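The questions below ask how certain labels for this structure are justified. Each answer sets a value against its definition.

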Amino acid sequence: MGTYLFGDAGESLDPKFDALSSLLDAGTFARVEQLGVADGWRCLEVGGGGGSVANWLADVVAPSGHVTVTDIDVARLEERDNVTVLEHDVVSNILPGNAFDLVHARLVLFHLPAREAVLRKLRDSLRPGGWLVLDEFDCLPLDVLAAPGPDDVKLIMRVKNALLTLLDQAGAELAWGARIERALLDAGLHDVSGSREVREWEGGSAGCRLLAATARLVRAKLPLTDAEFDRYLELMADPETVVSSYAMCSAQGRR
Ligand SMILES: C[S@@+](CC[C@H](N)C(=O)[O-])C[C@H]1O[C@@H](n2cnc3c(N)ncnc32)[C@H](O)[C@@H]1O
C-alpha cells in the first residue's frame, strides 16, 4: 500500500497545480471536446487537484449538466451551481454505479498501487456508452538535451533519479502512462484509443516549472546539498537547459 508522496504539502502544492494546468489543460480539453461533451453531461473528475479541469467541464456542461469533483484534499476545489465537491478517496470509498457520461482522471492512478482495481471502479461508475479518459505520465523518457555545463547534466539526472525513486517507493508506477491503453482494453472498455507525446521542455517552461515545483515538495528527501539544490532550481529556470519531457500519455474508452 503506497502513500501519496505529496499528501501533506498544503499550500506549497499551488505552484505544482499551476504548472500542471499550464502544461496539460489544453490537451485535456481538446481530447474531451472530441468526445462531444456538451450541455447536460454528468461528469466525474477524479483527484481534481487545483480544479482547472472540473471548472472547465462545469462551464461546458452547463446549464443542465453536472460535475462531481473528488479529491483526498479538496482545499482548492470550488462548489458551484453545477459542481459538487466531494472529499473522497478513490481507492477506499465507493462511487455510484451507472452514473456518469464522462469520467476523467489525470495523474491520479499513476500514484495508486491499486490502480487496476480503481480503473474497474471508474468503469463501473459510467453509464453504458459513457467515456473514461485518463491522462498520465510515463516518466522514463526524461533526459537532458542541453544544459550550460556537463556537471549540470549530471545534476539534473541525479534529481530525476532521486525523485523517481521516491515516487516508486510511495507506490507510483513510473511507466504507467505507457500501459493505459492496454489497461482500458483489459478492463473491457470499447472504442479504445490513445496518444503519447514527448516534447522538449526549456528552462522556464511549464514543464520545467513542474519539475522545479515537484523537487521543492520533496526537498527534504533529496540527497543534495543546498548549493546543488539551488543550482537545480536555477537550471530549471534557465532557457539554456532543455530536457526531453516525460511522455504525456492519454487514453479513452467507452463502457
Ligand atoms: C498529480 S495531482 C493531479 C491533480 C489534477 N488531476 C491535475 O492533473 O491537475 C494528483 C491528485 O490526486 C489526488 N489523489 C491522490 N490520491 C488520491 C486518492 N486516493 N483518491 C483521490 N484523489 C487522490 C491528490 O490529492 C492530487 O490532487
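Q: Why is Leu 23 called buried or exposed?
A: Leu 23 has a relative accessible area of 9%. Buried means under 20% relative accessible area, exposed over 50%, and partly exposed in between, with a 1.4 Å probe and protein chains only. Leu 23 is therefore buried. The model is predicted, so local features need pLDDT of at least 70 and side-chain atom pairs count only at pLDDT 80 or more, while totals for chains, interfaces and linings use all residues. Residues are numbered from 1 along each chain as its sequence is written, and side-chain values use heavy atoms, with hydrogens and water left out.

Q: Where is Leu 23, and which residues does Leu 23 touch?
A: Leu 23 lies in helix 1 (residues 14-34); helices are DSSP runs of H or I with at least four residues, strands are runs of E with at least two, and both are numbered from the N terminus. Leaving aside residues up to four places away in sequence, Leu 23 touches Phe 137, Arg 199, Trp 201, Ala 206, Gly 207, Leu 210 and Met 248. Contact means heavy atoms within 4.5 Å.

Q: What makes strand 1 largely enclosed by the rest of the structure?
A: Four of the five residues of strand 1 (residues 42-46) are buried, so strand 1 is largely enclosed.

Q: How do you know that strand 1 and strand 2 pair?
A: Two strands pair if DSSP finds at least two bridges between them. Strand 1 and strand 2 (residues 66-71) have four bridges, in the parallel sense. Cys 43 stands opposite Val 67 in strand 2.
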